[in-house]
Each structure stands twice: as C-alpha cells, then as structure tokens.
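Trainee: Please take one buried position in this model and look at it closely. Then place it among the other parts of the chain, with the cut-offs for each term as it comes up.

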Amino acid sequence: MADDYLKKLQVLLRRLFQFESTDLDFGIYRIINRKRDVIEKFIEKDLIASVDIEFGKISESTKVAAKKELDDLKTTIEKTLGSSAILPSGTFNPQFANTPIGADLAKQYNEKTTAFTAASVSDEHKAEVFNHIYQFFSRYYDNGDFMSMRRYSAKQKFAVPYNGEEVLLHWANKEQYYIKTGEYFFNYAFRVGEYTVRFHVVQAETAMNNTKTENRFFILHTGEGNVSYSDKTKELVILFEYRAMTDSEKATIGTRNVQDTLNEQEKTAILAAIPDIGLRTGLKREIDGKNLVTKHLATYAKRNTTDYFIHKDLEGFLTQELDFYIKNEMIDLDDLGTNKEIPVEHYLNRVRVMKEVSTNIISFLAQIENFQKKLFEKKKFVLIANYCMTLDRVPESFYGEIAKNTNQIVEWKNLYNIGEPGGQATLTGKKSDVIDVEFLKSHLYLVLDTKFFPQEFKDRLLASFDDIDEATGGLLIKSENWQALNILQGRYREQVNCIYIDPPYNTGNDGFLYKDNYQHSSWLAMMGDRIYLSKSFMPSNGIFFTSIGEDEIDRLNTIFTQIFSDAAFISRFIWKSRQNKDNRNVTGVSVDHEYVLCYGTKLRGSLRDESQYTNPDNDPRGPWTSGNMVGLLPQDERPNLHFDLINPDTGINYGKPPMGWRYDKNTMAKLIQEKRIIWPPSPDGRPRRKSFLSELKAQYTGYSSIIAPNVFTTTGTNQMIDLFGNRELAFPKPTLLLEELFTQGSKETGVILDFFAGSGTTAQSVLNLNRRDKGNRRYILIEMGDYFQTIIVPRIKKSVFSSEWKDGKPQNTDGISHMFKYLSLEQYEDTLNNIDFMEGGTVQKTLMDMDGYVLRYMLDFETRESPCRMNVTKLERPFEYTLRITKDSELHDETVDLVETFNYLLGLKVKRIRTFAENGTTYRIVHGETLSGQATTIIWRTTPGLDLKSDKLFIEEKILTDPKFKAERVFINGDFHVEGALPIEPEFQRLMGA
C-alpha cells in the first residue's frame, strides 16, 4: 500500500518540477532540465530515504518508551508477587495468575510485552503519510504555480488568512508576481532553413465576468486561410484561436491531455496544407524524437499557458499552509470520543514525519522559485538608448553629415510627406525632394533620430549638451512595465507629479492573458504590483489617474485603497466615451461611459470663467458680476433675515421675499454703505449684490466629476487616422481627455508618467499642452508592444513637427523645440536565456545532509558569471558587453548599453556625456548628480593593454579637472590607480541585485 502512495506522490512531484516539459528549451524549463538529474535523485532516492529516517526515529523512540513501560511494570510485579513471578525466559509465571491480582498483572505484562515486540512503524502508517503529503501539495499546485487555496477542512470551503483587519481584501495571487506579458501570445515565429513560420492568434477569446471559467486551448482557426504560404517571401502563416472547446470538440477530443491531442491534430492539418515540399520536409524533421512542427506547437502552447506567476515567498507561504493543513486535516477532532478514535501518539507520529518530509520538499521547491524571483527582481540592462531631437537643438556643424544620411532622409520623407504632391509644397512652397543643408536650416523642427547615425556621430552630438537630462523632455521605454518601473526607482523617486494609465480593462476580449479560472486574480496581481511600485515616484502632492471600465473598477478601487489609503481618494470621474446607443449588451443597456479613478491630494480645479465679469458703470474697483441676495429660510427659522429693504437714495421699498434675505440688517447696511448693491428702478425688482473680480481668492473653481464633454473614443480614432492615414490601433484615448486630466494633475513644469502607454496619447497630450501654454512638462512612457517603434515613436515625431494633420500629412509647420530619449530593456525571458552554468564543481551531498545547500549552490553559485547577472570579467571591454536576445523566436547577440544602465542604477541626473580617444583607448565620461545632489563622475574605458600610469595621469589632469564639474564621487571600471576612486563592478552588481 505504501509503495502505491509513494509512486502517486512521485508522479505529483515530477509535475511540480515540470518534468512533463523535458522537450522545452526556453526560460525556466531550460534551467530545470539542466539540473533534472539532481531533482530526480531527490524524488527517487532522497525522499524515500528521508521518510525511512524519520520513521526510524519514531520506531526507535517508540521502542524505548515501550521498554521503559515494560521494565516499570516488571518492577511492580516483582515487588507485589516476588522475583519468581517473571521467569528467566521473560514470560509471566502461570502459577501466579490464579489470583485476581495476579491475573490482572499477567494481562498487563502480556500487553506490554506485545507492544514492545511490535514497536515498529507499519506499512499503513507510511501509506497515510505519503497520502497526506500528496494531498497537501496537490491542493496548492495549479499548472506551474502555487495558489492560495486554503480550506477549513476536507468538508468545507476555502479560508483566507486574517490578522484583525477592519476590511479584508484578498485574492488568490496576492503574494505573487504576474510575469505573463503576452509577447509570445500574438507573435511567435521560427526559421526552417530559408523559410519563416509564424503563429498568429486571430481570436483571443476569454470568458467574461466569471473567475471560474472553462480552460482555454490553442485551436487551429476554423475559418478559411488558416494556413497560408507565400512563395515570394518563403513565409508560412498559421492562424490560431485561443478559446474553450465546443461541446462537439469535447466529445471528439476528450478531457485528458487536451492540448497535446490538439497539437497532433493541428500538425496533421498544417502539414497537409503546405504546398512547398521543401518546407514540409523541413517541418517533418525530427529533433529529440519529435518533428519540428510538433515541437514548436508544444513550445507555443506552453509559453502562453504556464509561468504566469512567481511567488514572492513560496517557502513562507507553503510552510504556513502546511501548519494549517496539519491542524485541520491530519487530526480529525470529530473522531475523538468515538470508536474511530486513534491513539494520540499515532497522530503525532504521522504529523512529525509528514511535517519533516514536507518541509524538505518545500525547501527544495523554494530554491527554484527563489532563483526565479531573484532573476525577475533583478534590475534589467538597458539594451538600446537613442535620442530624438529637433534640428534647432543640433549645432549647424552637423548639418552636412545629416543631409547625407540616406536612412534619416527616407524617414523624414515618410513621416512628413516631403517630396509628395501636397506634401513639401505645404512646407516650402515648392515641390522638391532634395534635402540639403539649406533645407535643414529652414525646417528646424524636423526630428533627428540618432539610431540612423554611427556611435562616433552620436558621441559628438551628445557632447554638445551641458545639461542633457534637463534638455530631454521625454523618456520612452520599450519594456514590460514592472521591469521598467523597477530600474527607474533611483532616478525618479518622488519626481513624478502625475501618473496616468489606461490598463487592459480585463473585459475578456482586450488581450489580457490570465491563468485559466483566475481572470480577476491574475489581473489584480498584475495591477497591484505595478501601482505599488509606481507610488514611490509620486511626491506627497502627486496625482494618480487611471482609466477603467465597469468590469474591474470596484476591484481596482480596492487596490488603490490598500496602497494609497481611503484618505487619498479624490473622485471616480465619469467620461461619456460613446455617442450612439445602438451597441447594447445582453442586458439591453448601452454602456457608453468609462471611468477615471483619481487618487492623490487635491486637483487644481476648473479655470474660472472671467467673461461674466464686466464694468458697465466704470466702478473704480474694476470688473464685477451680480449675485443673488434672496434667502433660503422661512421666517420661523430665521426671523432676523426677514425685513423690508429700502434704497436710502430713492426711498423705494423692495419689501421682504417669502424666504427672506441672505444677510441680516447689519451686513446689509454695510453693503449699502460700500455701494455693493444694484438697485432696480421698480419696487417689483430684486436688488443684487456686486462681486468684484479683484477680490477672488483663486483662479480655479471646483472640478466636475463628469469630465471631457463631447470628447469620445471616436475622437481618438480620428486623431490616429489624421496622423497616420489609417486607424493603426483600436480605441486610443483622445488627447483632449488627457489634456484635461493633466491640466488638473500637473503643473506646467511637471513630470507625467504612463506605464501602459498604448499608442502614445500621453506624449502627444503633453506636447499639445506645452505648445499651447509654453509649458515645460515632461513625460515618461512605458510600453512593450511591437508598435513601440511603428506607432509611438513616429507619433511623437509627427506631433513635434506639426499640430495639425490630415490623412497622414502635416497641415502646418508650427513645430516646437523638443528632445526625447527612447530605451529598450532586457526582459525576464532574456534573463532566463542568458543563464550559464559553470562546468564541474557540483557538491556531491544529498538535500537532507545539506539542508538545501546543493540546489542553492547549483542555481546561485554556478550561474554567478552569467552575462545577465553582470559578469565582471567582461567589463574589460564595456562597450562590447552582449546578451543573447530573442527576436522572432531567434536568439542573437545584442550589445548592452552599460553606461546608460549604470546611470539609472545610480539614479543619476545626467549633466554631460563626453567621449575621448587617448593613446588608442576609448573613454566615455558621464558627469551628473544623484537625487540627493551628490556630484558624481563615471569613467568607462577599454582596459586590455592599458597603461595604468598614463591612465591615471589622463583622468586626474584632463577629466577630473573639468572646471564646469567638480565630482564628489568618482567611479571607474576595471583596474585603476586613481586615488579615491571607486570600482564600478561591485556597485553595479549590488544595485542590480544580480
């Protein structure tokens, strides 16, 4: 029996360690596969040994206790009946059993003897323990993740941990990082020789408004053209749907190993639909026992249906849940006092073994989870950093080189319609596509992009700025937003006045990927971590806006309440986003509005309308408007407000209104004396009070909770059509909505952050406001979609050049001076792909002997020189540091920008960047200061063959003597002799968390 339960447990453990994914060679699977022999040894040998050891301890202690009880009884018998009552053989002498007392002692002695002889652990005990271990871990495991699914008992529903809070807000994934990004969901490709194969999702169906939905699968699209091939481009496109199965599909496929079964069916259909023999042959080629198309189908499905979460404290979570399980499941209080009652020592023995063995399993699992957490939380490298700037910020000495740069010229022609009919004619009055130095001088709001130029040009251009961060009005980051927010912590802490986000609404059809049956919990985990991280960017008077729909507004509000507190709530604004009422849902109600949640301190309010203030009587106190003086209370409540009001100059009596006046006699007399009352010519009129514009205490009045009237979603769509000539992205927010919010939440010199940037509406809105009021607002945009380069960056370049566009063509040339920077970051998947293991050196100890040291050693120590963890030995050539980055599902080496990365790790406000060539060595020097004001200089150089004496002389006499910048702290990479300088490498690793 015990062996059966053991095998069942071992099967579960192999699932926990994802052994079913042995053929997957990406992400955490590649790392687990690398150490599969260690994990298998734990499951197959160490686990059994640990159970035997623990049961052996119990068996021995049980025997010792039974022996003591037997010896004590033997002493009692000999004192009562004499020494001959126990025979030399150890049995009870029968002749003493004839008396009542002797018979009773004989019975006790025989029972104790039997107990001592049988004091060993039975197979049933082992089976019970194995079964409890299985039940415990299967309860909390769900397809790659550990979920909070605590129950009161086997018979009752779930419980949640409670610590006396007034209001308890909990969701299944509250203590986990949401890591699913959707990068592979919509875009997966691989190469087969000269061919390219692409998987596209054409319908991402998700169940709506229900956390307990059916599982979804990748199913070959049922429409026409689900497999299409272009002989010209050598490209095969395969279309999938991501949805629950229909009843007929369930009947055909069944409910076990569904995705594997679907993959087999899809493989057959795909291969049959390929007309090219070469491609079909290539896809049939087998690797590790699977043909290529099957292998990629499995990888694609696995990438998108697992690894949604990383637990922040798996060991603490499971240990706490283990205690809860033991108390509620292993000891059945209902059996106490009945014939089902089991001796307490049996309970305790099982509990001891189950807890000890389970704790070891937890420790083993936690090592892998903690390693993933370390890699996820590690601040990521900057891969690419480029600047875009209008030509008025570029010295004219560069214009000759710029005019010869073909790639830059081509982009300008495409962006600004130069040389096309109706294009440049709008700009210059002549039709020509010749762009020379004179053309550049007359079009100073063309936006130059440093990506089109060599590094040497970029170095010279950046050296022309004495305060480059101050000159930079925008920052764009292509990244999953948690990673981007993480690396910006040091640089923008308490620097962002206003945050606006337009996250996925989690309606079920907006592309948000959630773990099956955990739609809302997945979304809450994703939102909670990002909002929490972004809060540190806000000063005490910061404002946070977020657009949201009906589906998640209440749940989102709970997150904000937890992070910001109830006191920070400002309003739930309503925006009527749709004009028509034709598109109704199943309730028959047209949902034509959205919400904007607002948290922070206080909004600016609406600009007061001063047009109502005039001065028709030339009052020396200036413009005024009249106000009502009729009261609101009957005479029995305020008799002192009910009196006749008489004009002292004309004697006209205006009587007393039914509800009296607003002021008593004394206040009214003062108003008359100060000539603040407007007297009607007839006693039938009502006197009114003068209110002077000069006496207003504020320029702003209250702000309505109904915002952006007559601004609709279609307004945003039309703006995109005007800019690009087509729709580009669905349902972009209109700039007028965001301009209204930013006017409320930020000053003219504030910083605005948007970490769900979408199409880039936030940046255009900031530019529009700056153009309108000559402000100097800055923006930070974070977006991971492929449209980062195809929509967001071009949108900003267009918006800078002209304020009006139609069909993708500029309608004027009212450009503004502007510069922004855009970055691309390493991502978590890239980090996993850049884990390298040192060969050899594996400690040959069991998990039980070393209390988990083996796996820690393997995962942490053996990977310490991986490039993603900052391989310090490679900093000899800092401008050649590379990572393996995935693009279109293919790995290639990409150079890392260590200079930019370290600037953000330090939280440096960069002043100057200078590049020098000295004695064949390249030096890149960064001058800046931290948010605390500490002046810092960072010196990067290539060190192989470097003469450190000459290096010291150059740095101390040429770099550190810069009269414009006196450093309080100096960092240098590699070896150096500069006195008082600090090495970059240990600080880099410490700040990166590698």
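Mentor: Phenylalanine 199 has 0% relative accessibility and therefore counts as buried, where buried means under 20% relative accessible area, exposed means over 50% and partly exposed lies in between (1.4 Å probe, protein chains only). The model is predicted, so local features need pLDDT of at least 70 and side-chain atom pairs count only at pLDDT 80 or more, while totals for chains, interfaces and linings use all residues. Residues are numbered from 1 along each chain as its sequence is written, and side-chain values use heavy atoms, with hydrogens and water left out.

Phenylalanine 199 lies in strand E5, which spans residues 195-204. Strands (E, at least two residues) and helices (H or I, at least four) are DSSP runs numbered from the N terminus. Leucine 220 is 21 residues away from phenylalanine 199 along the chain, and their C-alpha atoms are 10.0 Å apart.

For the wider setting, 52% of the 994 residues of the chain count as buried. The chain has 33 helices and 36 strands. Of the contacts between residues at least 6 apart in sequence, 73% join residues at least 24 apart; contact means heavy atoms within 4.5 Å.

A second buried position is asparagine 834, which counts as such because its relative accessibility is 0%. Asparagine 834 sits in the loop between helix H28 (828-833) and helix H29 (847-850). A polar atom of its side chain lies 2.7 Å from the backbone oxygen of aspartate 830. Setting aside neighbours within four places in sequence, asparagine 834 touches Arg30, Ser866, Pro867, Cys868, Leu883 and Arg884.

Next come the sheets. One open sheet has 11 strands in the order E13-E12-E29-E14-E26-E25-E15-E16-E18-E17-E24, with mixed pairing; two strands pair if DSSP finds at least two bridges between them. Its edges are strand E13 (447-449) and strand E24 (706-707), each with a single partner strand, so one side of each has no neighbour in the sheet. Within this sheet, strand E15 (residues 498-501) runs parallel to strand E16 (residues 543-548) over 4 bridges, and cysteine 498 has isoleucine 543 of E16 as its bridge partner.

Another open sheet has 3 strands, ordered E20-E22-E21, with antiparallel pairing. Strand E20 (624-627) and strand E21 (677-678) are the edge strands, each pairing on one side only. E20 and E22 are joined by 4 bridges in the antiparallel sense, and tryptophan 624 stands opposite phenylalanine 692 in E22. On the other pairing, E21 and strand E22 (residues 688-692) share 2 antiparallel bridges: isoleucine 677 stands opposite arginine 689, and isoleucine 678 has arginine 688 as its bridge partner.

Last, a helix pair. Helix H14 (residues 406-416) packs against helix H27 (residues 787-801) at about 70°, with axes 10 Å apart. H14 and H27 are therefore roughly perpendicular, a label for angles of 65 to 115 degrees. From H14 the contact uses Glu411, Leu415 and Tyr416, and from H27 it uses Pro794, Lys797, Lys798 and Phe801. These contact residues comprise 4 nonpolar, no polar and 3 charged.

Key
Axes are lines fitted to C-alpha atoms, for helices over the stretch in contact, and angles run from 0 to 180 degrees between N-to-C directions. Angles under 35 degrees count as roughly parallel, over 145 as roughly antiparallel, 65 to 115 as roughly perpendicular and the rest as oblique. Ala, Val, Leu, Ile, Met, Phe, Trp, Tyr, Cys and Pro count as nonpolar, Asp, Glu, Lys and Arg as charged, and the others, Gly among them, as polar. A polar contact is a pair of N or O atoms within 3.5 Å; within protein, one must be able to donate a hydrogen and the other to accept it, and residues adjacent in sequence count only if both atoms are side-chain atoms.
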